[in-house]
There are 4 protein chains.
Amino acid sequence: MNGESFDTRIVTLGPATIPSPLTMADRATHARTFVEKDRHVAIEVDPARLQAMIEAGQPVPSFELAGPRRRIYFDPSKLKCALVTCGGLCPGLNDIIRAVVLELYYGYGVRNIYGIRYGLRGFIPKYGHEVMDLCPDVVTDILEMGGSILSSSRGPQPIPEIVDALERMDIGLLFMIGGDGTLQAANLIADEILSRGLHISVVGIPKTIDNDIYMVSRSFGFDSAVAVATEAIISAHNEAQGYPNGIGLIKLMGRHSGFIAATAALAQQNVNFVLIPEIDFDLDGPRGLLKTLEDRLKARHHAVIVVAEGAGQKFFDTAHPQYDPSGNVKLGDIGLLLKEKILAYFKERDIEISLKYIDPSYIIRSLPACAKDHVFCSFLGRDAVHAGMTGRTKLLVGYWNEQFVHVPMSLPAGRRKQVDPGGKLWQNVIQATGQAVMVNE
Amino acid sequence: MNGESFDTRIVTLGPATIPSPLTMADRATHARTFVEKDRHVAIEVDPARLQAMIEAGQPVPSFELAGPRRRIYFDPSKLKCALVTCGGLCPGLNDIIRAVVLELYYGYGVRNIYGIRYGLRGFIPKYGHEVMDLCPDVVTDILEMGGSILSSSRGPQPIPEIVDALERMDIGLLFMIGGDGTLQAANLIADEILSRGLHISVVGIPKTIDNDIYMVSRSFGFDSAVAVATEAIISAHNEAQGYPNGIGLIKLMGRHSGFIAATAALAQQNVNFVLIPEIDFDLDGPRGLLKTLEDRLKARHHAVIVVAEGAGQKFFDTAHPQYDPSGNVKLGDIGLLLKEKILAYFKERDIEISLKYIDPSYIIRSLPACAKDHVFCSFLGRDAVHAGMTGRTKLLVGYWNEQFVHVPMSLPAGRRKQVDPGGKLWQNVIQATGQAVMVNE
Amino acid sequence: MNGESFDTRIVTLGPATIPSPLTMADRATHARTFVEKDRHVAIEVDPARLQAMIEAGQPVPSFELAGPRRRIYFDPSKLKCALVTCGGLCPGLNDIIRAVVLELYYGYGVRNIYGIRYGLRGFIPKYGHEVMDLCPDVVTDILEMGGSILSSSRGPQPIPEIVDALERMDIGLLFMIGGDGTLQAANLIADEILSRGLHISVVGIPKTIDNDIYMVSRSFGFDSAVAVATEAIISAHNEAQGYPNGIGLIKLMGRHSGFIAATAALAQQNVNFVLIPEIDFDLDGPRGLLKTLEDRLKARHHAVIVVAEGAGQKFFDTAHPQYDPSGNVKLGDIGLLLKEKILAYFKERDIEISLKYIDPSYIIRSLPACAKDHVFCSFLGRDAVHAGMTGRTKLLVGYWNEQFVHVPMSLPAGRRKQVDPGGKLWQNVIQATGQAVMVNE
Amino acid sequence: MNGESFDTRIVTLGPATIPSPLTMADRATHARTFVEKDRHVAIEVDPARLQAMIEAGQPVPSFELAGPRRRIYFDPSKLKCALVTCGGLCPGLNDIIRAVVLELYYGYGVRNIYGIRYGLRGFIPKYGHEVMDLCPDVVTDILEMGGSILSSSRGPQPIPEIVDALERMDIGLLFMIGGDGTLQAANLIADEILSRGLHISVVGIPKTIDNDIYMVSRSFGFDSAVAVATEAIISAHNEAQGYPNGIGLIKLMGRHSGFIAATAALAQQNVNFVLIPEIDFDLDGPRGLLKTLEDRLKARHHAVIVVAEGAGQKFFDTAHPQYDPSGNVKLGDIGLLLKEKILAYFKERDIEISLKYIDPSYIIRSLPACAKDHVFCSFLGRDAVHAGMTGRTKLLVGYWNEQFVHVPMSLPAGRRKQVDPGGKLWQNVIQATGQAVMVNE
């Protein structure tokens, strides 16, 4: 936010001229408050900066507020909609699917809603995946199921073929639920649609269990993930205390950012070392992790280490990166590396330790959402529908300053939130863990 | 916020001249970012209103940012601190106690920390409650315990006697954790201290499981409460579906505001009626609850009703209010009233129903905090300490626009947040429940 | 068992002549071990008594072992089956339904399986409840749902009309899941069937969350109930400790037996008084509960009381009993009575207390089964099918000496297991609580 | 039990002549039922076999019933006791510690109770571990902690040194909580004690999360383990369904027996393959796992595999076994082997799969006990005390035919319970999974 300027304008397919059927649903004194056109949420909340901007005649950067509008673009009786879930599982996927379907069906009266199976592959004929008809009966009871009833897949698919499929199916409104890669694909799909002159909206719902989508302060599934990660840390702590020189080593999610690791360490305050991608650390040397760990064991006889999967990548051969099907760089497995290095270090010094390595990632990401995420997802899904029905496109539904907002897809593309080493979260982690800087001079 | 002006200035006991020992704790490249004096958070986030204010030369209403300061007021080596928990139990009390004690002890080096037992009674000699010495050993493992290790009590105590006790014990910094009544008492205590010319800071941490403290967007324990309330709703739904014309009636907390009831209904989407203090409803008549419920049973054969304890108070004799020890008006028991009225209504019409009444309030409020609240409380407690150490007083640690802030105690006193009938939360409840306006013309 | 003789012979509709299709399912070396005809489980396990019986030429009382037989009575291709769930909800009902349907469908190849809705009412035409077609698709995902997908109801229905319905629907095998009253009805239904010369088997699966069916050592749902009851006791304990002279009073299920109360008190060892139907206690007088409670508060300042709903019935007007729709005597509400008596007692003595009354019964009984009960129910349901397919009737599937067995319906009818005051369970409760005899001489 | 004869006699240090102080605790009509000397529980429950034995004049093999005796051997006022926990963590360890301490302290009035830290190492001076004084204050609140407050360690220690330590500390009664190896050590310690003519009782409490101690039908922690394992299977199933040709592969505990794997598969009925040590399977060939898995994926597009850690050991080089510190053969890691083999198999065939490997073992074993195990452990711990106080030694507290019994330590030594391929548990697993025999001819 430091002096950057943001283009937060939202693209629309055309003027919204149809009165929203939600007015029909308005029941007497429960007056529905439609969101008026010009309602925005300031990105910046520092009053000094705000004052400076305004006095300098600069516009205040802001996001458009999400929510139902008085007029919509699509005729619900003729509209066909599609949903697709892409990438890794995340608690809350089924909540989003449910909210989108129920709002389309009961709120707007849309009757043709299709679930695309297995992520972007579901658009590509050669895979032969059938679409799933979605209606209230199908989605009512899915809240307590983890995973995605639509299933998912990783990896890109040819944008033109996807748009071909949308044309063939006569889709007017596409909801794409996925992470960074998916949202970049969504952006390209929306561009291809616009360049073909089609009338198809693409609305994204950002999914990142790591909570690291740029300009989105909170993403669904994160709270659920922290809750379950906490359980794993309790186990690791019990194992560490259970044996002479016990070490509990837990690998948590976080490819590029340590939000889960840092937050879970605060939710269960028995962690001694938190290693995240944002903070450099050495293994060897007088201030390195291994020596520091040895000191800790001497003093306290046990230790708990939480490591985010993207931490310590400098220890791997980054000259020859490998890629996964989604095009993400394959990370070196820092959990296994730490396990080996720690075992070797203490073996060399003939110090008996008892190391337990725990990797709960798949357990965490495939469980159902917690109550907080149930609620959050119900808002996200409904606001995605409200946005799409007005003909807005190339946007995702975000959250900023405690409000649901419209964020242009181009804004977060290729950027990420990270834990600020000088910020409140990391400072509290340091205080809770007492952990030192583990970098040699 | 509609055009109100807020005095958000914070009172201090005197200039903070002592360098913070937290600088000592600063470990090389983990540069601690002290909060600079003038960091604030704007209360308003609507850019149009912000622009109008600034262009009109009005100051932008804002809260001071919470967090550690470069200089403090109290000498940690001489400081004695006290903590007290007041009013009803709430998930997270022990988290707060723990965070305050650990930050005082390890962060600032304070060694004399006293727990006042049984709320404000603990200050009054005639009750004879001993204080509890608080140190890391005592608080380290209390996160997974519900309740408060200090215990609590309801009701006011004489302000002068409380201040006498603080003088007698030589307390310099008092942390008061409690709800609306407690914060009003805290305000009076702080005033009495100032009028006696004493150097005692009073820092409040707002506790309201109902999440209804004015100008505080989120309070600890609320997320935990919603999570457990959700379980009760699932049970009620199973009971309702389990019998012919089954009705599940759940009373949830919410004396003056329906946040728990409304949010829990969104977290578990099988509720048909949500009754909250903010929304009027009739029992009798063609649009009243009873007739509407009858119609629902005819159509669907079961129904789930969530009622906040403060809903429907118009059905009780409010001419002769009664008061509880804390001075709160004793509410009529809307849960039992609904139970009786529903039973009588259907008996009269010879319609067999199976009504199950569930009141999970004590179960909800006395369980440990959820992971999310564990984290939230760890921030709240530490920021309360940071604020108090600088000599700030008559303030509480609040949360606004996703930031921890200092709120003058006088600001929320006697006012409450409520569910906005035209706002996003209630609108989504209506859509999720399909519930009609139940007021006759 | 004290010298009683038991008739444990099982009635059959006729000879089982059809080879079990389960042999087909036999896959090479996974040799299915059919239960041979004469496999029994001794009721008595005291070797001295066994020796005495045998030496006296008496038969050793025993139950027939449950499980699949080599030959069956019904032709699966022509068989129609029905399931009904009766009485109060209990964790595990859906597990049983699922296991019965899957075993019938996949194990034996039965294709016509009907779910009777709303208990015995579902047989009676005037209520107009449709039957539910049951097949694997319907039941596969119901394990994590509480309640019963068939719903239930209380109260008897005319036996002849039920048998008329069975004839009309051409049912050959009826599974009845219910408690004491249901099993007595099942017995009468089976008799009526036999007297009409029909070929319909009736197999019962005993449901009693109270775990008090005579000659059945364990019933499903009990473990799940204890698990959730434990949570409520933790809450009550937190509330009790949270206030000056705090009292947590929890009412748990147990109309005629205190198994849940006693077991839950052992699972969470902070209970001070356990009151159950089997153990007399006085309220007043020098050894009565109220004086004992006063002494406890003086010594420890808080107390937790667990009361089974059937305890202390002598305090109610038993001269004029009332009955519920199932014909059970309506119990006086001992929870509310205790609440009132305790409040009055301490008010009279001007002793301030803080009493919290918690009744978690509906929450407990309507939640899904715990893992242990999931497994237990899968055995019960499959063994019920195995029994029924052989033409056995008038039996229920029980559990004795860690084996699943066939128990004639007539055996437990009208009798109940109770907590033995001199036995291990109650002795351990006394030791865990330290509770005295509260009866005046 | 097949015709084996068992020596189930229990060794005692000498005659029990001191009246039990438990009689003092006897409170009027709560008449304590001491266990009379000759109370036993028959091992066999098949009435035909029982009859045959008795008629042949053979004694009926039986275990002595556990529980308090009228007279005891040790003088509680002079007795010093010690507890030690050995081997792997297991839910319920703290429950046992708590029950033993409370029964010794409150039941018998023993005041000197020592916790030996870090397993058998704690006896050996060179390690320098201090003992922990155990009293009610220390153990009251440990029920909800996982692990062991005494910590543990693996591996044997010299028997004479252990007995030296017992003499030095003047211990009269030693409780050893551990698995197979620990119980064999306990046996040797008891023999060494007897050969030195010391008056020290050794009482074992069998710990095996795998539930495979011979002649003990149920061991603590098993139910808790199954409950948590079930969660992991749900995750694996969600992951499997979440991707094209998704495979969820979960490794569960079970070095020599598949009880956890088989039972967890029944508790959560979405498993397709259960691999346990008792059942042979091939990887390759037309009936091998890999081909069978390929067929499953073709038919259903996803699969869930549960493998016990001791399954498939034939695929490893058993000619050169390695040993862990406890002297157990180091098993080959079948989980990782399966992962590699499956990946290679499908890569070779150019079939895209998505394999997720989950190993929740450390999470499972270090969590607190479930309610059921809380209760079970409270019985086990108290009965261990009752046994020890009478001077009985070289025994462990077991469970058989739903009774707590005394089992001579020598009986289960070196033997194990295993899943019976023809028995009810495995048969139901086959029916629930539909899994074929995967052995080529």
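Modeller: One definition comes before the rest: two residues are in contact if their C-beta atoms, placed from the backbone, lie within 7 Å. The model under discussion is predicted.

Biologist: How do you know through which surface the copies, chain C and chain D, meet?

Modeller: Of the interface residues of chain C, 100% are also interface residues in chain D, so the copies meet through the same surface. In this contact, 55 residues of chain C face 55 residues of chain D.

Biologist: Which elements give two or more residues to the side of chain C that touches chain D?

Modeller: They are β3 (40–42), α2 (47–55), α7, α8 (259–267), α12 (371–389) and α13 (424–433) of chain C. The largest share, 7 residues, comes from α12(C). By class, this side of chain C holds 25 nonpolar, 20 polar and 10 charged residues.

Biologist: What makes the relation between chain C and chain D that of a certain axis?

Modeller: A rotation of 180 degrees, with 0.0 Å of shift along its axis, superposes chain C on chain D, and the RMSD is 0.0 Å. Therefore the relation is that of a two-fold axis. In chain C, the C-alpha nearest the axis belongs to C:N401, 2.3 Å from it.

Biologist: How many residues does the contact of chain C with chain B take from each chain?

Modeller: It takes 25 residues from chain C and 25 residues from chain B. On the side of chain C, two or more residues come from each of α7 (222–242), β16 (354–358) and α11 (361–365). Here α7(C) gives the largest share, 7 residues. The classes on this side of chain C are 11 nonpolar, 11 polar and 3 charged residues.

Biologist: How is α8(A) placed against α12(B), and why is it described that way?

Modeller: The axes of α8 (residues 259–267) of chain A and α12 (residues 371–389) of chain B come within 8 Å and cross at roughly 80 degrees. Angles of 65 to 115 degrees count as roughly perpendicular, which means that α8(A) is roughly perpendicular to α12(B). The residues that meet are A:T263, A:L266 and A:A267 in α8(A), and B:A371, B:H374, B:V375 and B:S378 in α12(B). By class, this contact has 4 nonpolar, 3 polar and no charged residues.

Biologist: Is D:G388 buried or exposed, and how do you know?

Modeller: The cut-off for buried is 20 or more other C-beta atoms within 10 Å. D:G388 has 30 C-beta neighbours inside 10 Å, so D:G388 counts as buried. D:G388 lies in helix α12 (residues 371–389) of chain D. Leaving out residues up to four places away in sequence, D:G388 touches D:L173, D:F175, D:S201 and D:V203. D:P68 is 320 residues from D:G388 in sequence, yet their C-alpha atoms are 10.0 Å apart in space.

Biologist: Why are β11(A) and β13(A) called a pair of strands?

Modeller: Two strands pair if DSSP finds at least two bridges between them. Strand β11 (residues 246–252) and strand β13 (residues 302–308) of chain A are joined by 7 bridges and run parallel. A:G248 stands opposite A:V304 in β13(A).

Biologist: What makes β12(A) and β16(A) edge strands?

Modeller: Each of them, β12 (273–275) and β16 (354–358) of chain A, pairs on one side only. Their open sheet has 4 strands in the order β12-β13-β11-β16, with parallel pairing. On average, and with direction ignored, neighbouring strands of this sheet are turned by 15 degrees against each other. Helix α7 (residues 222–242) of chain A lies across β11, β13 and β16, at about 160 degrees to β11(A).

Methods:
Residues numbered from 1 in each chain as written. Chains lettered and ligands numbered in written order. Predicted model: local features only at pLDDT ≥ 70, side-chain atom pairs only at ≥ 80, totals over all residues. Nonpolar A, V, L, I, M, F, W, Y, C, P; charged D, E, K, R; others polar. Buried ≥ 20, exposed ≤ 12 C-beta atoms within 10 Å, placed from the backbone. Least-squares fit on C-alpha atoms with pLDDT ≥ 70 in both. Axes fitted to C-alpha atoms, helices over the stretch in contact; angles between N-to-C directions. Parallel < 35°, antiparallel > 145°, perpendicular 65-115°, else oblique.
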